[in-house]
Amino acid sequence: MSTHMDSLSRPVLAATLLVASSCLRFTPFSTEPSERDLTQKNLARIAAQEQTLPFSFVALGDTHDGYDELSGTVKAINARNDIRFVVVAGDMSDRSLLGEFELTQARLGDIRVPVLTVIGNHDAIADGPEIYRKMYGPLNYTFSYAGTKFVMFNSNSLEFPHVAPDREWLTKETQSREGAERLIWVTHQPVYAPADIPNGGSKEFYRQLLEAEPVDLVVHGHLLDYALGTYEGTTLLQCSTHEYSAVFTVVTVAETSITFSRCHYDDCESVTPASEMPE
């Protein structure tokens, strides 16, 4: 009787251990992502491309919770043959849980071209910064493409008080174009109305830097609505929250111009910068 019970219990025990192992691996409180150093890997893919003008990239943001919408957007991006890379303006997660990061990355990873991200405020709760650094990489970095320098930076002052934005680094990277003819910022907070600690001065810092150093385009997320406007003479692309609008923008950089096409899946229309962004 004992032998019979043991033979029956072994497969049950094995199945139980397998389920337990899966549950432990995929607990939302883990900080160990299945993929690591994605920023470095995608920068290497970009460096290997033939970099010519004009070129087009996709900008989108705040993909948290919009998994079905993001899947549709990935399909639409992959159906095109004119996109060199994609930038995501933060908030890949909602509560900085590993499972949320991985659900989003499972979709971003299906995009045929390189994908580069910045950290959003929803990605910076609790263990979020640790997960982000392991899965993606540094919170501030730059890269150049066909004479255009991209400055990717952490602007979440509430979650990183007195650390974000790194003013010395951002000023240096904005001033030092390293031979680039154009400069694009990609970040999460709107530079014209950033969420900030009391008396943090982030908005004034951005305003003064944009006045002193010409920036051709600022791409940001964080806010619900889509907008394309200007601020201190700089064009601002506000990506909107993907869950609500499922909108992405095709940005085309040419020798003397930057143009925009607003897309809802495969339905696209040309858009031009409107009025000055509100204070």
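**Disulfide, backbone geometry and sheet arrangement in the predicted model**

A search of the whole structure finds 1 disulfide, in a model that is predicted. The bond is formed by cysteine 263 and cysteine 268, whose sulfur atoms lie 2.1 Å apart, a separation that falls within the 2.5 Å cut-off applied to pairs of cysteine sulfur atoms. The torsion about the S-S bond of cysteine 263 and cysteine 268 is about 115°, and the disulfide is therefore right-handed. The two partners are not equally accessible: cysteine 263, at 1% relative accessibility, counts as buried, whereas cysteine 268, at 31%, counts as partly exposed. Cysteine 239 is likewise buried, with a relative accessible area of 1%.

Several features of the backbone deserve description against a general background. Most residues other than glycine have a negative phi, and most peptide bonds are trans. In this model, a cis peptide bond joins leucine 53 and proline 54, with omega at about -10°, and proline 54 is placed in the loop that runs between α2 (38-47) and β1 (55-60). A cis bond is also found from alanine 164 to proline 165, where omega is near -10°; proline 165 belongs to the loop between β5 (148-152) and α6 (167-175).

Positive phi values occur at alanine 146, which has a phi of about 50° although it is not a glycine, and at serine 240, where phi is about 75° and the residue is again not a glycine. Alanine 146 is located in the loop between β4 (141-145) and β5, while serine 240 lies in the loop between β9 (234-238) and α8 (242-245). Both residues are under the 20% limit for burial: alanine 146 has a relative accessibility of 14% and so counts as buried, and serine 240, at 1%, therefore counts as buried too.

Helix α3 comprises 12 residues (residues 67-78), which at 1.5 Å a residue should span 16 Å; the C-alpha atoms at its ends are 16 Å apart, so the expected and computed values agree. Within α3, the buried residues are Tyr67, Leu70, Thr73, Val74, Ala76 and Ile77. The elements that cover these buried residues of α3 include the strands β1, β2 (83-88) and β10 (247-253), together with the helices α4 (98-108) and α8.

The arrangement of the strands was examined next. Strands of a sheet pair through backbone hydrogen bonds, either parallel or antiparallel. Here, 6 strands form an open sheet with mixed pairing, in the order β4-β5-β6-β7-β9-β8. The edges are occupied by β4 and β8 (227-231), each of which has a single partner strand, so that one side of each is left without a neighbour in the sheet. From one strand to the next, the twist averages 20°. At the β8 edge, β8 and β9 run antiparallel and are joined by 5 bridges, and among the residues involved, alanine 227 has glutamine 238 in β9 as its bridge partner. Helix α6 packs on the sheet, where it touches β4, β5 and β6 (182-186), and the direction of α6 makes about 175° with that of β5.

Strand β9 thus connects two parts of this description, being the strand that is joined to β8 by 5 bridges and the strand that precedes the loop holding serine 240, between β9 and α8. Helix α8, at the other end of that loop, is in turn one of the elements covering the buried residues of α3.

Key:
Residues numbered from 1 in each chain as written. Predicted model: local features only at pLDDT ≥ 70, side-chain atom pairs only at ≥ 80, totals over all residues. Heavy atoms only, no water. Helix = DSSP H or I, 4+ residues; strand = E, 2+ residues; numbered from the N terminus. Buried < 20%, exposed > 50% of the residue type's maximum accessible area, 1.4 Å probe, protein only. Expected span 1.5 Å × (residues − 1). Contact = heavy atoms within 4.5 Å. Pairing = 2+ DSSP bridges. Axes fitted to C-alpha atoms, helices over the stretch in contact; angles between N-to-C directions.
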